[in-house]
Amino acid sequence: MNPVSSKKTPFTFDSIEPESGLKSALGKSRADIIAEISASGLRGRGGAGFPTGTKWNLAAAAKVKAGGNKYVVCNADEGEPGTFKDRVILLEHADLVFEGMTIGALAVGAKLGILYLRGEYVYMRPHLDAVLQRRRHQKLLGTAIAGREGFDFDIQIHMGAGAYVCGEETALIESLEGCRGEPRNRPPFPVDTGFDGQPTIVNNVETLAWAACILSRSAHWFKSIGTDKSAGYKLFSVSGDCREPGVYEFPLGISVAELLQKVGGEGAKAVQVGGASGHCIPASEFSRRIAFEDISTGGSIIVFGPGRDMLEVAKNFMEFFVEESCGQCTPCRVGNAKLLEGVGLLERGECSMQYVQELLGLSETMQLASKCGLGQSSPNAFVSIVKHFKDEIMGRTLVH
Amino acid sequence: MPVLQELQRNHATISDFAMQVIADELGIHPAEVYGVTSFYAFLRQESRGRFVFRLCQTVSCDLAGKSRVACQLENDLGIGFGETTADGRFSLEWASCLGMCDQGPALLVNDRIFTRVTPERVHEIIDECKRTFGAHARQAAHA
């Protein structure tokens, strides 16, 4: 199924004693669990970087609407190009993710958890079902978990069906409810009005695993790693032109140059940090740091060697967004198609500088006016490639 | 959605008739069912082959040599992307990132993932499908 493990460094996850996080959480009040997560400085590992403690606190405080329950949703709709860390976590550390979900349920008072697994990962389903079944036997799921009366929680798996936009939390909820995965207007936020109109926390696979580690090891330990604003370790999915592609664990705040050295990608011409929705960083900026305060990422690192054609890269990303835009709002639906058309003109050497400027203006409109994160971030790659590689993409004479 | 996914698995297609039945059962308008079916890449109204080949078209697989694998798939199956063979056995499609970026090019055949696919291996994969298809056909005949 997974012939070669993608792990390239040891993970902290390997050394955490099973269920020690849950045990610690069971000894705390709900407010103390959330305080611990807040104090650790943990921020969403899916890319957006929202403080996890704040999210849990809002959901804990939110009122349940008549006859309903709160929900914990694990976002395993890992679709960002160049990202595959969640695949490795789910295959090798599923227990830790489910433990994190159970801790989240205890903290906010949820009865049901849902793992939203992307359609492309359907082959993992038997493994994950088996882990859930074992946890039910171990009394780690079900009624009166670990012997505590009134602590009832179970987890279901919901399969996605191939739509990148469903990684956006409100689109994911729409999809869970059986609808088209079109993002909702926010507010209201899912912590208040989420799945089935009830308070819902939606967290990334990696975030939940870290939450379990923090309860096991302490907020202080987590906070002591990384930078002031970006605490802790982060898993990086590294692919492209390097000697050792795979999943790495590094503290946040690592510079692009250091990272390249560790993965065997020295001499790279550019690095795409954050996947298709991220930024393309040229060699002159390799001293920048990967952290929420500098270059933020969900963990995707794609390395481009000296021989790569950056316009080809921009074209691939724009084709991706044209395909994956849900089509609901105009800036994203039409904007991405226009940018792709512009890439075509550049390719044929028929694009004036003035038109490039207009496309950059359009990109700004998309960043400002799109409804969800997909549209807001879709021009990023195009803009950074145009900015840093003008010499390469303008005035082409070669027609492929 | 689980209803549609199950239907897709068993019948390889979601017909207008099926959508109408689902709408009646759920008490919603068939247009809503159609809306959902047409939204997701893994749900389709058109008939698909017994084996759906989805080649990852994302940049990492591109760097790893996706285009030659794509070309060989087209040659060996005798169809282009978005098409199904006349005997209804194979469909060929593009997929957005399959999450195998460190082991590309990646190919998803129904529920099975193949990594580091080379143009040479394409033929083996197709052959293997043909063998299991035979077994499947016999089983169905006995049932």
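**Exercise 1. The second largest pocket**

How many nonpolar, polar and charged residues does the lining of the second largest pocket have? Work this out for the predicted model shown above, then place the pocket on the two chains.

*Solution.* Begin with the space itself: the volume of the second largest pocket is about 990 Å³. Next, collect the lining, which comes to 34 residues. Sorting them by class gives 15 nonpolar, eleven polar and eight charged residues. Now look towards the centre of this pocket, where the nearest lining residues are A:Val122, B:Gln8, B:Arg9, B:Asn110 and B:Asp111. Finally, ask which elements give two or more residues to the lining: chain A offers β3 (154–159), while chain B offers α1 (2–11), β1 (51–56), β5 (112–114) and α6 (119–142).

**Exercise 2. The enclosed spaces**

Count the cavities of 30 Å³ or more, and describe the linings of the largest and the second largest.

*Solution.* A helpful idea to start from: rolling a probe the size of a water molecule over the atoms shows where empty space is left.

1. The count is three cavities of 30 Å³ or more.
2. The largest cavity holds about 80 Å³ of space. Its lining has 13 residues, and those nearest the centre are A:Pro183, A:Cys326, A:Cys329, A:Cys332 and A:Cys372. By class, that lining splits into seven nonpolar, five polar and one charged.
3. The second largest cavity has a volume of about 60 Å³. From chain A, the lining takes A:Asp77, A:Gly79, A:Arg118, A:Glu120, A:Gly162, A:Ala163, A:Tyr164 and A:Glu324; from chain B, it takes B:Ser96. Here the classes come out as two nonpolar, three polar and four charged residues.

**Exercise 3. The setting of A:Ser40**

Is A:Ser40 buried or exposed? Find its element and its contacts too.

*Solution.* First, locate A:Ser40 in helix α2 (residues 30–40) of chain A. Second, check the accessibility: the relative value is 0%, under the 20% cut-off, so A:Ser40 counts as buried. Third, follow the side chain of A:Ser40, which reaches the backbone oxygen of A:Ile37 at 2.6 Å. Fourth, set aside residues up to four places away in sequence; A:Ser40 then touches A:Ile214, A:Ala219, A:Phe222, A:Lys223 and A:Ala231.

**Exercise 4. Aromatic pairs**

Why is the pair of A:Phe236 and A:Phe250 called tilted? Then see what A:Tyr248 adds.

*Solution.* Over all chains, the structure holds 16 aromatic pairs. In the pair of A:Phe236 and A:Phe250, the ring centres are 5.9 Å apart and the planes meet at 40°. Planes under 30 degrees apart would be stacked and over 60 edge-to-face, so 40° makes this pair tilted.

Now trace the two partners along the chain. A:Phe236 sits in strand β5 (residues 233–240) of chain A and A:Phe250 in strand β6 (residues 246–251) of chain A; the two are 14 residues apart, and the pair links distant parts of the chain. A:Phe236 is buried at 0% relative accessible area, and A:Phe250 is buried at 4%.

A:Phe250 also pairs with A:Tyr248, this time in a stacked arrangement with 5.5 Å from centre to centre and 20° between the planes. A:Tyr248 is buried as well, at 3% relative accessibility.

To finish, pick out one aromatic cluster: A:Phe11, A:Phe13, A:Trp210, A:Trp221, A:Phe222 and A:Tyr233. You have already met A:Phe222 among the residues that A:Ser40 touches.

**Exercise 5. Backbone geometry**

Which residues does a cis peptide bond join, and where do A:Ala144 and B:Arg116 with their positive phi values lie?

*Solution.* Keep the background in mind: most residues other than glycine have a negative phi, and most peptide bonds are trans.

Take the peptide bonds first. In chain A, a cis bond joins A:Pro187 and A:Pro188, with omega about 0°; A:Pro188 belongs to the loop between α7 (169–176) and β4 (200–204). In chain B, a cis bond joins B:Gly104 and B:Pro105, with omega about -10°; B:Pro105 falls in the loop between β3 (90–95) and β4 (107–109).

Then turn to phi:

- A:Ala144 has a positive phi near 45°. It is in the loop between α6 (125–137) and β3 of chain A. A:Ala144 has a relative accessible area of 18%, so it is buried.
- B:Arg116 has a positive phi of about 45°. It is in the loop between β5 and α6 of chain B. B:Arg116 has 42% relative accessibility, so it is partly exposed.

How values were computed:
Residues numbered from 1 in each chain as written. Chains lettered and ligands numbered in written order. Predicted model: local features only at pLDDT ≥ 70, side-chain atom pairs only at ≥ 80, totals over all residues. Heavy atoms only, no water. 1 Å grid on protein atoms, 1.4 Å probe; cavity = no way out; pocket = protein on both sides within 12 Å on 5 of 7 lines; lining within 4 Å. Points joined across faces, edges and corners; volume = space filled by probe spheres on them. Helix = DSSP H or I, 4+ residues; strand = E, 2+ residues; numbered from the N terminus. Nonpolar A, V, L, I, M, F, W, Y, C, P; charged D, E, K, R; others polar. Buried < 20%, exposed > 50% of the residue type's maximum accessible area, 1.4 Å probe, protein only. Polar contact = N/O pair within 3.5 Å; in protein donor to acceptor, adjacent residues only side chain to side chain. Contact = heavy atoms within 4.5 Å. Phe/Tyr/Trp six-rings, centres within 6.5 Å; stacked < 30°, edge-to-face > 60°.
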